[in-house]
Each structure stands twice: as structure tokens, then as C-alpha cells.
Amino acid sequence: MRMDRDHGGDLDAAITRYGGTRADWLDLSTGINPVPYPLPHLATEAWTALPDKAAFARLYDLARAFWNVPADAAIIGAAGASALIAALPQVAGPGQVNIPGPTYNEHGAAFLAAGWTLAEDANDALVAVHPNNPDGYLWEASALTAPLTIIDESFCDVMPAQTMIARAAEPGTVILKSFGKFWGLAGLRLGFAIGDPAIINRLGDLLGPWQISGPALSIGANALSDPHWADDTRKRLAADADRLDALLQRAGAKVLGGTSLFQLYQVKDAQASQRHLAAGKVWSRVFPYAPEWIRLGLPAPDRWAQLEAAL
């Protein structure tokens, strides 16, 4: 069984259909921070040498401090949270997994590829995207009781008070963190799995050595050691999300939920709304299962006028 794996970020398809160049387009189809963390100077060795144990240890120590990881929990990084999502179903089972949706569809695709069965009443494993993509739903901890519980916190860094990181040392629990979204460096490809040491050790065996590039180790360590940037960024994102809501509500959309990195709206016809925005070279995300839903990320500070004109 295969699963449809539509995603945002498919700007090439928009250009093919509506014309223009990448520079013309305002891509709001993803939930990536449009003001990325400033890139530090990188030593030549970050590019030329194989990453050493000290670089991994530094990154993991800073990640532990930034996310307040319990001492008994283990941590591993990879080339994006997507690499960890693909590998996790292979550490147990196969069996039956509950992935309440609609939600990020790579989880379901990964479990199916590993021989699992998707079932709403499954008792073997649970995937909880927290906050959920695309509606921002926040899970209650009491609902997370499966023997294998994966809590995807890819968008939780905008609301650190909601994290379930305190549960990371519990048996069978793994919490995922995505570096690219909050820090705005999706192309760097960096993500983390934090949780039950037995599971994290098996992930390490699957991923092999040097699973994070030298530049990603260096840039990630710099960013995770900069809490002031993180605090300032949360404030800016919250203000910009409010501004986005105001614009879309004036255009007749209804706010359904989201986070301060993306907002989900109800409109009469999402496909028609997407075409309308595309005429102004603004790309949005629509969903095949919800013909009235459209999701928008945030413009960069100098691109709001383009969105306003397109609306």
C-alpha cells in the first residue's frame, strides 16, 4: 500500500503552471521561518574533515541544554527530522500504528514502507504531531500511552511551554525536533530524536556514522547556544502570525488554527483561492482531503506588500 505524499514547498510546480522565476514568487506553502538564523563563519575543517566525536558531543550537549532534555534520555541527530521519521518504524514491529489525522503524511508513509498497518484503534504504536500540522492541535499527555509513542515536535519551538520533553526518558517514547523550521534553515538538513535510550541506540545503528554534515554540526551548535535569538524570534513570529490572520480575515477567510509559523484558514474554495493568490505570484498550500482549507506561512519582512496585493 502506498500513500499520497503531497507537501508544501513545491514551488517548481507553481512556476511550471503560472510562470515567473523563483525570485518572483513568495512561497508561503511551507511553515519555515522566513528570517533565518544568521550563518556563522565556518572553519575550513567543517567542509574538509569527517565530523569527529567532539563535534557531535558539543551539538548534543547544547541540544540537551536548549530543550531541557532529561538526563536519562538519549539523543541523536540526523540529516533532517524526515530521516528520523523514515527510520523510526524500523526499530520495532511491524504491528499496528495509530496516526490520528489529518497530519503530516510522511509518518504514515514511513510506517507503511516498514510493513506496519495503519489503524485508528491500534495499540502497538502512536504518532502524535504536537502541535499538529496543519491545524495546530495540541495533544494531552494523558492520551500518549502506546508502547511506542512518537511525539513529533517539529513546530513546538515557537511554543516551548507546550513541549513534552519531560517524558523523553519514558520507555518507548521518542520526541522529534526539527531544526530547519524554527531556525529557518531547512536546506541545512538537521533534526533530532530524543527519547528512550534503547530506541535511540537502534536508530544510531540504522543511520550509521557521520549522519550529520560538518557544516550542520557547527551551525546547529551556534544556533542552539543563542537563546536570545530564539526569544526574539518567537516574539516576531507571534506578531507576524497575528498580522497574517488580520489580512486573511479581511479577505473573508476564517481562522481554523495553526502555529506562529503557519496558519490554517477556511475559504469557500481552496483551489480557487490558491489560483487567485498565484496570479500575484504567491504560493500557498491546499489539501486534497479538505477542499475548503488553505494554509499560509509567513512572508519575510520585505514581502508583505506582495501578499497584500495578491489578496
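The exercises below work through parts of a predicted model.

**Exercise 1. The annotated span**

Task: State which residues UniProt lists for "domain: Aminotransferase class I/classII large", and describe that span in the model.

Solution:
- Step 1. The UniProt record, an unreviewed entry, gives residues 71–300 for this domain.
- Step 2. In the model, residues 71–300 are 33% helix and 23% strand.
- Step 3. The C-alpha atoms at the two ends of the span are 38 Å apart.

**Exercise 2. Strand β5 and its neighbours**

Task: Determine whether the residues of strand β5 (residues 125–129) are buried or exposed, and find the strands that pair with β5.

Solution:
- Step 1. A residue counts as buried when its relative accessible area is under 20%. By this cut-off, 5 of the 5 residues of β5 are buried, so the strand is largely enclosed by the rest of the structure.
- Step 2. In a regular strand, side chains alternate between the two faces of the sheet. For β5, one side carries Ala125, Val127 and Val129, and the other carries Leu126 and Ala128. Both faces are covered.
- Step 3. Strand β3 (residues 96–98) pairs with β5 in the parallel sense through 2 bridges. Here asparagine 98 has leucine 126 as its bridge partner.
- Step 4. Strand β6 (residues 148–152) also pairs with β5 in the parallel sense, through 5 bridges. Valine 129 of β5 faces aspartate 152 of β6 as its opposite residue.

**Exercise 3. The setting of histidine 107**

Task: Locate histidine 107 and list the residues it touches beyond four places in sequence.

Solution:
- Step 1. Histidine 107 belongs to helix α5 (residues 106–113).
- Step 2. Its relative accessible area is 2%. The cut-off for buried is under 20%, so histidine 107 is buried.
- Step 3. Leaving out residues up to four places away in sequence, histidine 107 touches Ile85, Ile99, Val127, Val129, Asp152 and Leu176.
- Step 4. Among these contacts, Val127 and Val129 are on one side of β5, while Asp152 is the β6 residue opposite valine 129.

**Exercise 4. Two packed helices**

Task: Classify the arrangement of helix α3 (residues 53–67) and helix α8 (residues 214–224) from their crossing angle.

Solution:
- Step 1. The two axes come within 9 Å of each other and cross at roughly 30°.
- Step 2. Angles under 35 degrees count as roughly parallel, and α3 and α8 are therefore roughly parallel to each other.
- Step 3. The crossing of α3 past α8 is left-handed.
- Step 4. On the α3 side, the contact is made by Ala55, Phe56, Arg58, Leu59, Leu62, Ala63, Phe66 and Trp67. On the α8 side, Leu217, Gly220, Ala221 and Leu224 take part.

**Exercise 5. An antiparallel sheet and its helices**

Task: Give the strand order of the open sheet of 4 strands, then identify its edges and the helices that pack on it.

Solution:
- Step 1. The order is β9-β10-β13-β12, and the pairing is antiparallel.
- Step 2. β9 and β12 (285–287) are the edge strands, each pairing on one side only. From one strand to the next, the twist averages 30°.
- Step 3. β9 (residues 254–258) and β10 (residues 262–266) are joined by 4 bridges and form a hairpin with 3 residues between them. Lysine 254 is opposite glutamine 266.
- Step 4. β10 is linked to β13 (residues 290–297) by 5 bridges; leucine 264 has arginine 295 as its partner.
- Step 5. Helix α9 (residues 227–250) packs on the sheet and touches β9, β10 and β13, with its direction at about 20° to that of β10. Helix α10 (residues 270–279) also packs on the sheet, touching β12 and β13, and its direction makes about 35° with that of β13.

Methods:
Residues are numbered from 1 along each chain as its sequence is written. This is a predicted model: local features need pLDDT of at least 70, side-chain atom pairs count only at pLDDT 80 or more; totals for chains, interfaces and linings use all residues. Side-chain values use heavy atoms; hydrogens and water are left out. UniProt positions are given in the numbering used here, feature names are shortened, and annotations may be inferred rather than shown by experiment. Two strands pair if DSSP finds at least two bridges between them. Buried means under 20% relative accessible area, exposed over 50%, partly exposed in between (1.4 Å probe, protein chains only). Contact means heavy atoms within 4.5 Å. Axes are lines fitted to C-alpha atoms, for helices over the stretch in contact, and angles run from 0 to 180 degrees between N-to-C directions. Angles under 35 degrees count as roughly parallel, over 145 as roughly antiparallel, 65 to 115 as roughly perpendicular and the rest as oblique. A crossing is left-handed if the near helix is turned anticlockwise from the far one by less than a right angle, and right-handed if clockwise.
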